[in-house]
Amino acid sequence: MRIIGTGSALPKKVVTNDMLAEFMDTSDEWITTRTGIKSRHVISDENIEDLGAKASRKALDMAGMKPRDIDFFICSNVVTEYMTPGLSSVIGELLGLTCPMIDINCACPGFIFSLDIAESYYKAGKVKNVLIACVEEPTRMASWNDRSTCVLFGDGAGSVVLTAGDNIMATRLHAEPAADKIWQKRKLVSTPFITKEETEFPLQMKGRDVFKFAVNACCHGMDEVLAQAGISKDKVAYYMVHQANQRIIDAIINYMGEPASKFPVNITDHGNTSSASCPILLDECNRKGAFKKGDILAFSAFGAGLLSAEAVIEW
Ligand code: UT7
């Protein structure tokens with residue numbers, strides 16, 4: 001497939017580190033040094049589905065397509081107010097889509113998992129035009145009393161439209177299942193038959209374990225996916241890495257021995273927007289005119305699961 005449209009949308013409320021320090025025991029200095037984050041966009045009166053629809057409309061406009069042209073819609077999302085229907089259906093209705101649509105919950109690498117699914121369906125001859133929307137509100141998951149998690153996240157949506165082409169050169173999906181590294185539990189409705197004890201708690205994270213997994217998975221994943229695509233590192237124009245933590249990105253740069261200028265970042269004013277991170281970064285770079293035709297982009301993302309994924313794309 002080939003990406004022919006990108007779009008993104010962010011909540012209007014910007015929360016700076018100093019604003020956080022007004023109501024919790026933290027500081028701009030701690031957050032900046034440990035994460036590189038200065039501010040993040042946070043949902044206030046918006047609904048996440050509206051941001052998903054807005055990002056998707058921008059991607060459709062750029063692609064010169066109407067909703068009826070899309071024959072498959074993949075929505076990547078971790079948490080939404082809707083338990084059913086899937087967020088794809090909620091956004092699909094707003095957009096006026098009539099094609100089949102599915103939700104995936106692959107946490108932060110959800111965009112690359114979506115690309116892999118789209119490419120596989122295309123290769124199987126099932127689809128031609130695919131819309132992917134990564135739509136996330138992780139600020140609704142972490143406890144705002146837990147300074148070690150809530151300062152890391154921001155909300156937003158990023159979309160792409162793909163059509164027939166041979167620009168996805170390779171994808172690689174990876175899993176090291178461990179539910180106790182990043183997780184959140186909610187209580188379902190009780191029934192007369194439930195005898196087990198159930199608990200509900202906000203996002204929990206073993207930050208250091210996740211940090212190590214992220215650096216390892218990205219570096220090895222990049223080596224593998226580039227070998228699969230037959231591309232050497234010097235041919236890569238940009239490494240589009242999940243914006244989780246500037247220190248994670250710095251460790252990856254260090255290990256890979258590639259110039260920092262090849263790693264675009266927007267973590268400073270977005271924080272970690274989960275699976276929306278890569279497509280928001282892609283859209284921002286694209287709209288700034290950062291890419292030229294033929295540029296090789298290598299994507300990598302990692303997160304809960306633990307899951308990670310990479311993709312090599314010719315622009
Ligand atoms: O998409 C994947 C999602 N997750 C990630 O990418 C997270 C990966 N992990 C990380 O980015 C880092 O592990 C963190 C940024 C989460 C934490 O950094 P760290 O260097 O691993 O710090 P730490 O958790 O070991 O905490 C060090 C200290 C602790 O104080 P004590 O026990 O040493 O007295 C924490 O209580 O920093 C304290 N601390 C804070 N202080 C001020 C934790 N959060 C804060 C905070 N402000 N917001």
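A polar contact is a pair of N or O atoms within 3.5 Å; within protein, one atom must be able to donate a hydrogen and the other to accept it, and residues adjacent in sequence count only if both atoms are side-chain atoms. The model is predicted: local features need pLDDT of at least 70, side-chain atom pairs count only at pLDDT 80 or more, and totals for chains, interfaces and linings use all residues. Residues are numbered from 1 along each chain as its sequence is written, and side-chain values use heavy atoms, with hydrogens and water left out.

**Exercise 1. Find which side chains are placed for polar contacts with oxygen atoms of the ligand.**

Step 1. Start with Trp30. One of its polar side-chain atoms lies 3.2 Å from a ligand oxygen.

Step 2. Go to His242. Here the distance from a polar side-chain atom to a ligand oxygen is 3.0 Å.

Step 3. Add Arg247. An N or O atom of its side chain is 3.1 Å from an oxygen of the ligand.

Step 4. Check the cover. Alone, the ligand exposes 950 Å², and the protein buries 74% of that. These areas come from the Shrake-Rupley method with a 1.4 Å probe.

**Exercise 2. State which helix gives the most residues to the shell around the ligand.**

Step 1. Count the shell. The ligand has 22 residues around it, each with a heavy atom within 4 Å. Among the closest are Arg34 and Asn245.

Step 2. Pick the helix. H7 gives the most, with four residues. Helices (H or I, at least four residues) and strands (E, at least two) are DSSP runs, numbered from the N terminus.

**Exercise 3. Work out the order of the open four-stranded sheet and find its edges.**

Step 1. Read the order: E8-E13-E12-E11, with mixed pairing. Two strands pair if DSSP finds at least two bridges between them.

Step 2. Locate the edges. E8 (168-175) and E11 (238-241) each have a single partner strand, so one side of each lacks a neighbour in the sheet.

Step 3. Inspect one pair. E8 and E13 (residues 307-314) are antiparallel over seven bridges. Thr171 stands opposite Ala311 in E13.

**Exercise 4. Decide whether Ser300 is buried or exposed, and name its polar partner.**

Step 1. Place Ser300. This residue is in strand E12.

Step 2. Use the accessibility. Ser300 has 0% relative accessibility, so it counts as buried (buried means under 20% relative accessible area, exposed over 50%, partly exposed in between; 1.4 Å probe, protein chains only).

Step 3. Find the partner. The side chains of Ser300 and Glu310 make a polar contact of 2.6 Å.
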